[in-house]
Amino acid sequence: MSWFVKKRQQKTAVEEKTVRVPEGLWIKCEACKELIYRKELVNTHNVCPKCGYHFRIGVDERLENLMDEGWTTLFSHLQSGDPLGFVSTKSYKDQLKKLEQAGQTEDAVVVVEGTLSGQPVVTAVMNFDFLAASMGSVVGEKLRLGAERALEKQCAFIIVSCSGGARMQEGTLSLMQMAKVSAALAKLDKAGLPYLSLLTDPTTGGVSASYAMLGDLNIAEPKALIGFAGPRVIEQTIKQSLPEGFQRSEFLQTHGMVDKVVTRDHLKDFIAACLAWMTPAPRD
């Protein structure tokens, strides 16, 4: 047997013994850059076990983490239109159609009613997978209706925010939602019903400038980006370097914009405890 043939057979034997690792088993943490076994994140609420970085999570997982089983989805019939016939690099109408075909039928926010640790609540969770959870007319209308449902049921209202801001494809109509939702929340305040705002990464633009910061209690997840304009835009405008940690949850808590930074594994218990002393006792 020639030397070349022998080497080729040895190489083939080594290749046959090589175990191929299936794709998607590991994920790299965006903060510490360590590789994490993806299944391990299931047990940590999608929080890095090595540095505590909170990965972004979807609407379903968020509701499962916060709500008791058996919630009911509200206002699913509302869908965005294209009032301006907006066309940029893409047609707004085509974007909405593709999202609907992909199963995104609830627009950028899902509103449900149910219980949280046994306490009745109406909860709205923004969906970053739908046009970066931008605030359009449907988002504003669902949040208004959610606040009115909480008023009707005499229970707390919770909004979980994550958004890139107002939806530019709807122009001024999207900006009007800031005032509309704020007015609806004022009715809850007048009725003495608690509104809790949970800010997650990222909460920016017109969302942070309106209902995200109007909570009777503003809660944030660790290291979440919270602000109006982005840090780079601010630095370019004021021609100065920003302090370390600027626009992150901990920085805002230090400066009085956020009441409490709570890790994801303690969120449900913390909110339940807050509701226990914020919600008025039931009347006979």
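Is E141 buried, exposed or partly exposed? I will begin with that residue, and the answer is that E141 counts as partly exposed, with a relative accessibility of 22%. Please keep in mind throughout that what we have in front of us is a predicted model.

Let me stay with E141 for a moment. E141 forms a salt bridge with R144, in which the closest N and O atoms are 2.6 Å apart. The two residues sit in helix α5, and because they are three residues apart there, E141 and R144 are separated by about one helical turn. This pair also belongs to something wider, since E141, R144, E148, K180 and K187 are linked in a network of salt bridges. Further along helix α5, the side chains of R149 and E152 meet in another salt bridge, at 3.8 Å from N to O, and R149 and E152 are likewise three residues apart, or about one helical turn. E152 counts as exposed, at 58% relative accessibility. In the whole structure, a search finds 16 salt bridges.

Now let me step back to the chain as a whole. The protein chain has ten helices and nine strands, and of its 284 residues, 43% count as buried. Its C-alpha atoms fill a box of roughly 95 × 45 × 45 Å, taken along the principal axes. If we take the contacts between residues at least 6 apart in sequence, 65% of them join residues that are at least 24 apart. The accessible surface comes to about 16,000 Å², and 54% of that surface belongs to carbon and sulfur atoms.

Next comes the sheet. Seven strands form an open sheet, in the order β3-β4-β5-β6-β7-β8-β9, and the pairing is mixed. At the edges stand β3, residues 72–74, and β9, residues 260–261, and each has a single partner strand, so one side of each is left without a neighbour in the sheet. As a general reminder, strands of a sheet pair through backbone hydrogen bonds, either parallel or antiparallel.

If we walk across the sheet from β3, we find that β3 and β4 pair in the antiparallel sense over three bridges, with T73 opposite V112 in β4. β4 is joined to β5 by eight bridges, and these two strands run antiparallel; here V110 stands opposite V125 in β5. The hairpin of β4 and β5 has two residues between the strands, and S117 in this hairpin takes a positive phi near 55°. Further on, six bridges join β6, residues 156–163, to β7, residues 195–203, and this pair runs parallel, with S161 opposite L199 in β7.

What covers these strands? Helix α3, residues 59–66, lies across β4, β5, β6 and β7, running at about 160° to β5. Helix α5, residues 137–153, where we began, lies across β3, β4, β5 and β6, running at about 20° to β4. β4 is mostly covered, with seven of its eight residues buried. T123, which has its place in strand β5, is buried as well, with a relative accessible area of 1%. Leaving aside neighbours within four places in sequence, T123 is in contact with L63, M67, V110, V111, V112 and I158.

I would also like to point out some backbone details. Most residues other than glycine have a negative phi, and most peptide bonds are trans. Against that background, N46, in the loop between α2 and α3, has a positive phi near 60°, and N46 is buried, with a relative accessible area of 17%. D107, in the loop between α4 and β4, also has a positive phi near 60°, and D107 counts as buried at 3% relative accessibility. The peptide bond from D201 to P202 is cis, with omega near -10°, and P202 has its place in strand β7.

D201 brings us back to salt bridges, as R248 forms one with D201, the closest N and O atoms being 3.6 Å apart. R248 lies in the loop between α8 and α9 while D201 lies in strand β7, so the pair ties together parts that are 47 residues apart in sequence. R248 is partly exposed, with a relative accessible area of 32%.

Finally, a look at the surface. A nonpolar patch of about 320 Å² is made there by W26, L35 and Y37. W26 is found in strand β1, residues 26–28, and W26 is partly exposed, with a relative accessible area of 46%.

Note on methods. Residues numbered from 1 in each chain as written. Predicted model: local features only at pLDDT ≥ 70, side-chain atom pairs only at ≥ 80, totals over all residues. Heavy atoms only, no water. Pairing = 2+ DSSP bridges. Helix = DSSP H or I, 4+ residues; strand = E, 2+ residues; numbered from the N terminus. Contact = heavy atoms within 4.5 Å. Axes fitted to C-alpha atoms, helices over the stretch in contact; angles between N-to-C directions. Patch = residues over 30% accessible without salt bridge, like charges linked within 9 Å, V, L, I, M, F, W, Y side chains within 5 Å. Areas by Shrake-Rupley, 256 points an atom, 1.4 Å probe, with all protein chains shown as cover. Salt bridge = Lys/Arg side-chain N within 4 Å of Asp/Glu carboxyl O. Buried < 20%, exposed > 50% of the residue type's maximum accessible area, 1.4 Å probe, protein only.
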